[in-house]
Amino acid sequence: MLCLNIIILILQLVVMGVFIYFLSGRLMGTKLNMIKLVLSAVLSVVLTTFVFWYSYFRHTNYLNQDVLQQVSNIGTLVWFGSMLLIAMLFYLIFELFDPKQESDFQANQENALLKIRSNYYRKRRLAQVFRIAFKQGIGKALQYKRSYENDRYIAVVLRNILEETGGIFIKFGQVLSTRKDILPPVFIEEFSKLQQNVRPMPTDEVQQIIRREFGEDPSVYFKYFAEQPFAAGSIGQVHRAQLRETNEEVVVKVLRSDVTRIMNKDLDILLHFAMWLEEESTWAENLGFYQLATGFANGLREEINFDIERRNMEQITNALKNSGHKVRIPKVYPELSNRKILVMEYMKGVPITKSAPLLKQRGIEQQQVLSELYGAFLEQLLVAGVFHADPHPGNVYVMEDTGEPVFLDFGAAGRIGPLQNRGLRTLLIGIARNDVKIMAQGLENLVTDGNLKNRASLEQDLSQLLISIQYMDKISTETLVQRLFDIMKSHELKLYPMVSMALRALITIDGTLSSVNPQYDIFNEAKRFSIENKEDLAQAVTFDELKTTAVQEMILLMPQLRDIPRRVDQIVQNFERGEMTVKANIFADAKNATFISHWLSLLILLTVAVTFGFISVALLAIAQFINGMYAVYLNTAAFVGLFLSSVILVRLSVQALRYSKRI
């Protein structure tokens with residue numbers, strides 16, 4: 001009998017906990033975190049049960065059937081209401097100490113069981129990351145302020161953390177080693193030491209992936225397929241093969257079977273770690289560590305979809321179709337490619353850094369090859385607006401048979417809009433002409449806030465930049481762009497993300513060309529490119545076209561021109577009468593309107609909740625002076641009003657916290 005009563009009591013508590021979970025979720029709103037909600041319900045059941053036991057049952061035989069009946073008759077409603085309110089308060093506390101919104105990876109998981117399993121893995125992996133971080137000395141590093149010596153120590157600590165954590169973290173460090181536009185040199189130096197040894201997939205697994213994607217055995221399409229890959233990475237690996245129908249030599253890029261699952265989980269961990277690091281450390285906040293991690297996550301998400309890489313190759317190939325620059329891009333076989341497999345033309349060649357003997361043997365000038373390569377890149381960047389975003393030496397080859405340069409690996413490609421494209425051209429022209437006015441004009445189209453607030457001070461800093469590179473035999477793109485970024489930071493100017501990518505790509509290709517010929521000057525070549533492509537860059541028109549356009553514009557302006565005298569007279573009359581007014585509509589901006597309407601609605605609900613509370617307190621006070629059934633009615637109404645007031649206040653607090661984290 002005792003065991004049966006215990007089971008009944010436990011079942012009652014479980015059922016009440018389930019009701020608390022669903023009801024509190026509905027009262028607080030949708031899109032709540034399931035783990036927080038479950039934990040809040042469990043804690044509320046445990047806490048209220050302990051309080052009821054301590055205050056009412058501890059001196060009784062609370063497992064007796066009669067006592068259980070008393071519970072259901074006397075205190076169930078109060079107990080349940082207390083559970084509900086305390087569960088909502090617990091959720092509010094969890095929301096208060098959660099620094100950011102949930103990541104997209106967790107929000108996209110809809111199945112409750114998957115959420116639980118994913119959250120368990122994330123907590124366990126995150127705990128492992130933090131153990132490694134504190135073991136490597138992150139706690140001491142967080143106390144430091146920015147200086148060269150401290151940056152060196154912090155960079156070593158971070159590199160050790162990323163290296164020991166492994167997986168996506170190492171790849172993140174490798175990507176950070178290319179961010180010379182943001183990170184100090186000591187960080188670049190340390191992150192460049194990260195090496196990732198990736199074990200290739202077994203042949204059977206590769207064959208199974210191809211068979212699953214094609215629906216048939218690989219031998220149906222390939223006459224020959226190399227078992228051993230000649231390149232393997234954390235995302236995929238590349239095999240040589242020969243097409244059965246045409247006998248063409250191809251390479252087959254195969255996505256790792258578990259990369260998506262691992263990436264989603266580890267990237268979620270990385271984002272949480274970066275978020276925590278930025279909140280705990282001013283130097284991480286100054287570096288924009290969380291923003292770097294977010295950009296890395298977004299880029300990696302694109303890299304695991306080979307359809308995106310195929311589209312990048314198709315766009316850049318078409319952009320260079322009528323180009324005079326002899327640069328090759330591998331042909332893609334779309335009928336054999338999808339998001340997990342990419343089949344491309346095999347380009348037999350050598351890395352550009354090892355191409356000197358080949359070019360000498362074929363009697364090809366090295367300067368000519370570098371000019372063709374750089375010209376093709378500038379045409380992508382300044383004319384087409386779609387460009388190879390990572391032209392490092394490993395992605396640039398020279399064909400053995402023709403000596404032509406080749407771009408490889410289009411997993412990262414940038415796209416820059418017409419306005420930013422024009423701004424970038426104007427900026428480069430200003431640097432070439434040594435004119436700060438033109439440089440500032442170009443920057444207006446490159447920054448998110450095009451209104452340069454202190455233009456005179458900005459032009460003064462730009463003039464100092466130009467003076468520092470005058471009379472130099474060769475201008476370092478890396479130094480120039482880094483100085484430009486420093487100036488923009490000091491003026492609180494922020495580049496569009498794709499503009500930052502374009503400048504980084506410019507630094508990368510400068511490093512690639514300089515590794516072959518240290519004397520290669522990309523700015524002189526950029527001037528020559530501008531002269532050779534002045535029609536594409538300037539988009540010049542004939543005199544007749546210009547005259548026709550001017551006449552059309554004048555016809556359109558005639559009504560406004562005729563109305564000018566009347567408007568001027570009206571302005572003068574208003575000024576004489578002292579009736580000049582200025583209207584400012586704060587609701588003209590959609591963001592302002594949304595912000596104000598949101599907080600106004602919260603204020604209205606807050607007023608309702610406070611009113612409920614005051615009325616309920618007043619009813620309780622009045623009930624003290626009344627006897628009989630009316631007192632019971634007043635007390636009931638008062639407690640219900642207090643409960644509703646509490647529910648509204650908790651919901652308002654949760655919504656306000658969530659909204660404040662998004663702005």
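**Notebook: a small sheet and a helix pair**

I began with a single residue pair and noted that V398 has P405, a residue of β9, as its bridge partner. I keep in mind throughout that this is a predicted model.

From that pair I moved out to the strands, and found that β8, which covers residues 396–399, pairs with β9 in the antiparallel sense over three bridges. I then looked up the sheet they belong to, which is an open one of three strands in the order β6-β8-β9, with antiparallel pairing. Because β6 (349–351) and β9 (405–407) stand at the edges and each has a single partner strand, one side of each is left without a neighbour in the sheet. I also noted that neighbouring strands here are turned against each other by 40° on average, with direction ignored.

Next I asked which helix lies across β8 and β9. I found that α16, residues 366–384, does so, and that this helix runs at about 35° to β9.

My last entry concerns two helices, α19 (residues 455–468) and α20 (residues 477–490), which pack at an angle of about 165° with their axes 11 Å apart. Angles over 145 degrees count as roughly antiparallel, and therefore I describe α19 and α20 as roughly antiparallel to each other. The crossing in which α19 passes α20 is right-handed. On the α19 side I listed L458, D461, L462, Q464, L465 and S468 as making the contact, and on the α20 side L480, R483, L484, I487 and S490. Sorting the residues of this contact between α19 and α20, I have six nonpolar, three polar and two charged.

Methods. Residues numbered from 1 in each chain as written. Predicted model: local features only at pLDDT ≥ 70, side-chain atom pairs only at ≥ 80, totals over all residues. Heavy atoms only, no water. Pairing = 2+ DSSP bridges. Helix = DSSP H or I, 4+ residues; strand = E, 2+ residues; numbered from the N terminus. Axes fitted to C-alpha atoms, helices over the stretch in contact; angles between N-to-C directions. Contact = heavy atoms within 4.5 Å. Parallel < 35°, antiparallel > 145°, perpendicular 65-115°, else oblique. Left-handed = near helix turned anticlockwise from the far one by under 90°. Nonpolar A, V, L, I, M, F, W, Y, C, P; charged D, E, K, R; others polar.
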